[in-house]
Amino acid sequence: MTFNMKEHVESLGAKAVLSYLEGDPEKNIPKIVKWVKTFDRKGIYSAAYPGLVKIASDPQNIWFQFMKSLYSDIDPEVRKRIFKNFLLHSAIQGFSKRAKNEEKYNCNVPWAILMDPTSACNLHCKGCWAADYGCSMNLETDLLDNIIKQGKELGTYTYLFSGGEPLIRKDDIISICREHDDCLFLAFTNATLIEPAFADKMLEVKNFVPALSIEGFEDETDFRRGTGTYKAVLSAMKLLKGKKLPFGISCCYTSKNICSIGSEEFFDFMVEMGAKFAWLFTYIPIGEKAMPELMVSAEQREYMYRQIRKFRKTKPIFTMDFWNDGEYVKGCIAGGRRYLHINANGDIEPCAFIHYADSNIKEKTLLEAYRSPLFMQYRKNQPFNQNHLRPCPLLDNPESLNSMVAASGAKSTYIVKPENVRDLTSKCRQRSVLWADTADRLWTEKNMQTAPSDARR
C-alpha cells in the first residue's frame with residue numbers, strides 16, 4: 001500500500017482527538033469542531049459547523065449531554081474501538097480511498113454495505129418480504145469475508161447485517177467482527193436471539209452494534225411481530241444496557257403504529273432503556289405478501305417529519321428517517337452512492353427495498369457491480385427529484401425506478417415469484433402523488449426559513 005503523508009497526518013490528528021476525549025470529554029468536546037474544520041479542507045461539512053459550535057460551547061445543550069452519555073453509559077474499550085473505527089478508518093482512510101476510486105473508475109463507491117447472512121428468520125412479521133425468499137439461502141462465511149476485503153480495498157469500512165434474522169448466524173458474525181477489527185459492524189435484528197453469552201462476545205470484539213427492531217409499544221410490536229416479541233426486545237435492551245453495550249432501535253412506521261412510534265412517550269422510554277440511536281423507515285409494499293394498507297398517508301408522513309425534527313432538539317438520541325431526511329444527504333443514498341444491499345442469494349441490489357439486480361457477488365466483483373448498468377443508472381439519475389423530501393425512486397418517483405430497471409435490464413431477485421417492476425411501482429403511485437403536494441409545501445417552507453432576510457423581502 002502506497003504511503004500517503006496526508007492520510008498519515010490526518011490519522012495522527014484523529015488519534016489526538018480520541019485521546020483528548022478519553023482524557024476529559026467535557027473539557028475537550030469543543031476541540032472536535034476545530035479539528036473537523038482542519039480536516040475538512042473542501043468544506044463538505046461546512047453547513048454543520050454553526051450547529052457543532054453551538055453544541056460544543058454549551059454544556060446544557062442536549063447534544064453535549066448526549067456526547068457525555070457515551071462516556072458514562074458505554075464500556076470504555078468498546079467506545080474506543082467504535083470511535084476509532086468510525087473516525088479513523090471510515091471517515092478518514094475510507095473517505096480518501098472512496099473519493100480516489102470514484103474518480104478513477106467513474107462510479108459510486110459506498111460508505112456502507114448492507115448484506116444478509118441468511119434468508120432464514122425465527123419470526124413471521126406481517127407484511128415482511130423476507131418470507132418470499134424462503135429460509136434456505138445463506139452467504140457463506142468465506143464469501144462475507146471476501147466481500148469485506150474487497151470493500152476495504154475500495155474504502156468501505158462500515159458493514160450492516162439484515163435478513164432474515166442475521167443473528168441466526170451469530171457465531172459467524174462474531175468471527176467476521178474479530179477478523180476485521182478495523183471495521184464497524186451493525187445488525188438489524190429482532191432481538192430475540194440476544195442472550196448473555198452473545199453479549200459477552202460483543203464485549204470481546206468491541207465493534208458490533210445491534211439495532212433492535214421495535215414497532216412502538218407492546219400492542220403495536222406484537223401485532224406485526226407476534227405475541228411476546230415486545231417483552232423479548234425489552235429484555236435484550238436491559239441486558240445490553242447492563243453490560244454497557246451500545247445499541248439502537250430500528251422502527252418501521254406504518255398506518256397502524258405511527259401514533260405510537262412518533263410519540264414523546266415512546267422516544268422518552270427508548271432513551272430511558274438506553275438506546276443511543278433510532279433508524280426510522282416507512283412501510284414499503286414489497287413482494288407477494290405486501291400489505292398496502294400499512295403504507296402511511298401524506299398527513300402521517302408529515303407528522304413523522306415534524307416529530308423527528310422536534311425530537312432532535314429535545315431528546316438525547318441520534319435519529320435518522322431514511323425517507324424524510326433526504327434534504328440532509330441531497331436525495332437518495334442507494335445505488336452505492338452511500339450504501340447498497342447484497343441479499344442472501346448474493347444478488348447485489350441498489351437498496352434493501354429495491355429487489356432488482358443485474359449482478360451477483362458470486363459472479364462479479366464489487367467494482368464490477370458498481371460499474372454495472374443498474375448502478376450506473378443510479379449514478380446518472382441521482383438525485384431523482386430536486387425536492388429532496390421526495391428522494392426515493394420507488395415511493396416518491398416510481399417512474400424513475402421503472403425506467404432504470406428497463407434501461408439496465410435488471411431482473412427481479414425473487415426466485416419463486418418474480419415481481420414485475422411496474423406491478424411494484426403501481427402500489428406506490430397514488431401515495432407518491434399525494435405526498436408530492438405535501439413535500440413541495442414543506443420544501444417551500446424550509447427554503448423560506450433558510451433564505452437570507454433580504455431575499456425574503
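Visitor: Which residues of helix 8 are buried?

Guide: A buried residue is one with under 20% relative accessible area. In this predicted model, helix 8 spans residues 196-205, and its buried residues are Phe198, Ala199, Met202 and Val205. These four lie on the same side of helix 8, because they cover an arc of only 125 degrees around the axis.

Visitor: Against which elements do the buried residues of helix 8 pack?

Guide: Their partners are helix 5 (76-105), helix 7 (170-179), strand 4 (208-213) and helix 10 (229-242).

Visitor: What is found at the start of helix 8, and what just after helix 8?

Guide: At the start, a side-chain oxygen of Glu195 comes to within 3.0 Å of the backbone nitrogen of Ala197. Just after the helix, Lys206 adopts a positive phi of about 70 degrees. Lys206 belongs to the loop between helix 8 and strand 4, and it is not a glycine.

Visitor: What is phi of Asn106, and where is this residue found?

Guide: Asn106, also a residue other than glycine, has a positive phi near 55 degrees. It is located in the loop between helix 5 and strand 1 (112-115). As to its surroundings, Asn106 is partly exposed, since its relative accessible area is 46%, and the partly exposed class lies between the 20% and 50% limits.

Visitor: I should like to turn to peptide bonds. Which residues does the cis peptide bond with omega of about 15 degrees join?

Guide: That bond joins Gly163 and Gly164. Gly164 sits in the loop between strand 2 (158-161) and helix 7. Another peptide bond, from Gln382 to Pro383, is also cis, and its omega is near -5 degrees. Pro383 lies in the loop that runs between helix 16 (373-381) and helix 17 (398-408).

Visitor: How should one describe the placement of helix 16 and helix 17: parallel, antiparallel, perpendicular or oblique?

Guide: One considers the approach of the axes and then the angle. The two axes come within 8 Å and cross at roughly 140 degrees. Helix 16 is therefore oblique to helix 17, because only angles over 145 degrees count as roughly antiparallel. The crossing in which helix 16 passes helix 17 is right-handed.

Visitor: Which residues of helix 16 and helix 17 meet?

Guide: On the side of helix 16 they are Pro373, Leu374, Gln377, Tyr378 and Asn381. In helix 17 they meet Leu401, Met404, Ala407 and Ser408.

Methods:
Residues are numbered from 1 along each chain as its sequence is written. This is a predicted model: local features need pLDDT of at least 70, side-chain atom pairs count only at pLDDT 80 or more; totals for chains, interfaces and linings use all residues. Side-chain values use heavy atoms; hydrogens and water are left out. Buried means under 20% relative accessible area, exposed over 50%, partly exposed in between (1.4 Å probe, protein chains only). Helices (H or I, at least four residues) and strands (E, at least two) are DSSP runs, numbered from the N terminus. The arc is that of the directions from the helix axis to the C-beta atoms. Contact means heavy atoms within 4.5 Å. A polar contact is a pair of N or O atoms within 3.5 Å; within protein, one must be able to donate a hydrogen and the other to accept it, and residues adjacent in sequence count only if both atoms are side-chain atoms. Axes are lines fitted to C-alpha atoms, for helices over the stretch in contact, and angles run from 0 to 180 degrees between N-to-C directions. Angles under 35 degrees count as roughly parallel, over 145 as roughly antiparallel, 65 to 115 as roughly perpendicular and the rest as oblique. A crossing is left-handed if the near helix is turned anticlockwise from the far one by less than a right angle, and right-handed if clockwise.
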